[in-house]
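Here's a quick tour for anyone meeting this structure for the first time. Take a look at the sequence and the model, and then we'll walk through a few parts of it.

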Amino acid sequence: MGARVAVAGASGYAGGELLRLLAGHPDLEIGPLSANSNAGAPVTATHPQLTGHPGLDGAVFAATEPDVLADADLLFVALPHGESAQLAARLPAQLRVIDLGADFRLADPGAWAAYYPTPYAGQWTYGLPELPGARDAIRASTTVAAPGCYATASILALAPLLAAGLAEPADIVIVAASGTSGAGRSLRPDLLATEVMGSMSAYQVGGTHRHTPEIEQNLFHAERARVPDPAPVTLSFTPTLAPMARGILATCTARSAASAADLRAALATAYDGEPFVHVLPEDRWPVTGATVGSNAAHLQAAADPHAGRAVVVCALDNLVKGAAGQAIQIANLMLGLPEKAGLTAHGVS
């Protein structure tokens, strides 16, 4: 048998995607599964796509109790923002934990207080494996914070340009579209099919989205790798809701005088040999449908000399590379398993 893993918050969309990927993982055994609002309910009633898996047929969700979840080698926490820290404080210190929420992503208590209503809980190792030095840090860590979905797309798009000195850290603008699964499984009128079908809408406009400080923090680190005392990153981030279940398309721009060839070269150098991040051929642009079900991120860059800006577009599946798949990629590193185990870079469309 492989390493035994538990999932807290297993009834949500990210939790269900974790279970789907874990069900096909060659080296991991599914252990305790908790979901407070669905405690006692059959797992396959909430996630019928998992019907037929011998470890899940007949399984029921437990309550989210530390002593139940600690019966594992590693715990995935897929709880709403603010709840992970409460659970983590009650877990054994030696338990490996990956948090898919925001509770441990930010280094600055002030940034946390500006965007979240709960007390600041500290920072864990940031789990974006493709960042320089991240893999070694993840392997050495017991607790890791998985990045947010919008943040993953935005950082993958722009970090190589800042690290190479091809983009300025001030006046970064990101407009990104996400599928409705990014808002979670709770019933909300604005997420009803009648409201979403055939319509797009912006939300949390004006710098209020919670991924803003996370993106700024990690782009600043990319800039600092080149310049010891870089200027702060300033970001205007506008998320939009698209009439699709899953996927993110992030259009990221920054002031730049670089050519398209130089921009593409920086991306290609940064992601050379990466199993899940692909810089597309010069004549192709990312589409969300190509990444559905995969742990892949697709990138393309262009220069806009008229506006003096670099443009990088990133597409990924918000539930896989933006959540569950990335968490399993992190778990593979933490447990000393092949990084690609249980994951694919190929979409289903």
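## The two sides of helix H10

Let's start with H10, whose buried residues are Leu263, Arg264, Ala266 and Leu267. Look down the axis of H10 and you'll see these buried residues fall within an arc of 155°, so they line one face of the helix. There's a general pattern behind this: an α-helix has 3.6 residues a turn, so residues three or four places apart point the same way. Keep in mind that this is a predicted model.

What sits over that buried side? The cover for the buried residues of H10 includes H7, S11, S12 and S13. Turn to the face of H10 pointing away from the buried side, and you'll meet the exposed residues Ala261 and Thr269.

## The sheet underneath

Helix H10 spans residues 260-270 and lies across S11, S12 and S13, running at about 155° to S12. Those strands belong to an open sheet of seven strands, and if you trace the sheet across, the order reads S8-S9-S7-S10-S13-S12-S11, with mixed pairing. At the edges are strand S8 (201-202) and strand S11 (277-279), each of which pairs on one side only.

Another helix packs on this sheet too: H9 (residues 211-224) touches strand S7 (172-178) and strand S9 (235-241). The direction of H9 makes about 135° with that of S9.

## A closer look at one strand pair

Now zoom in on S12 (residues 297-304) and S13 (residues 309-316), which pair in the antiparallel sense over eight bridges. Which residue of S13 is the bridge partner of alanine 301? That's valine 312.

## Two residues with unusual backbone angles

Here's a bit of background for this last stop: most residues other than glycine have a negative phi. Two loop residues go the other way, as their phi values show.

One is aspartate 171, with a positive phi of about 65° although it is not a glycine. You'll find aspartate 171 in the loop between helix H7 (149-163) and S7. Is aspartate 171 buried, exposed or partly exposed? Aspartate 171 is partly exposed, with a relative accessible area of 30%.

The other is glutamine 204, also a residue other than glycine, with a positive phi near 45°. Glutamine 204 lies in the loop between S8 and H9. With a relative accessible area of 39%, glutamine 204 counts as partly exposed.

Methods:
Residues numbered from 1 in each chain as written. Predicted model: local features only at pLDDT ≥ 70, side-chain atom pairs only at ≥ 80, totals over all residues. Heavy atoms only, no water. Pairing = 2+ DSSP bridges. Helix = DSSP H or I, 4+ residues; strand = E, 2+ residues; numbered from the N terminus. Contact = heavy atoms within 4.5 Å. Axes fitted to C-alpha atoms, helices over the stretch in contact; angles between N-to-C directions. Buried < 20%, exposed > 50% of the residue type's maximum accessible area, 1.4 Å probe, protein only. Arc of directions from axis to C-beta.
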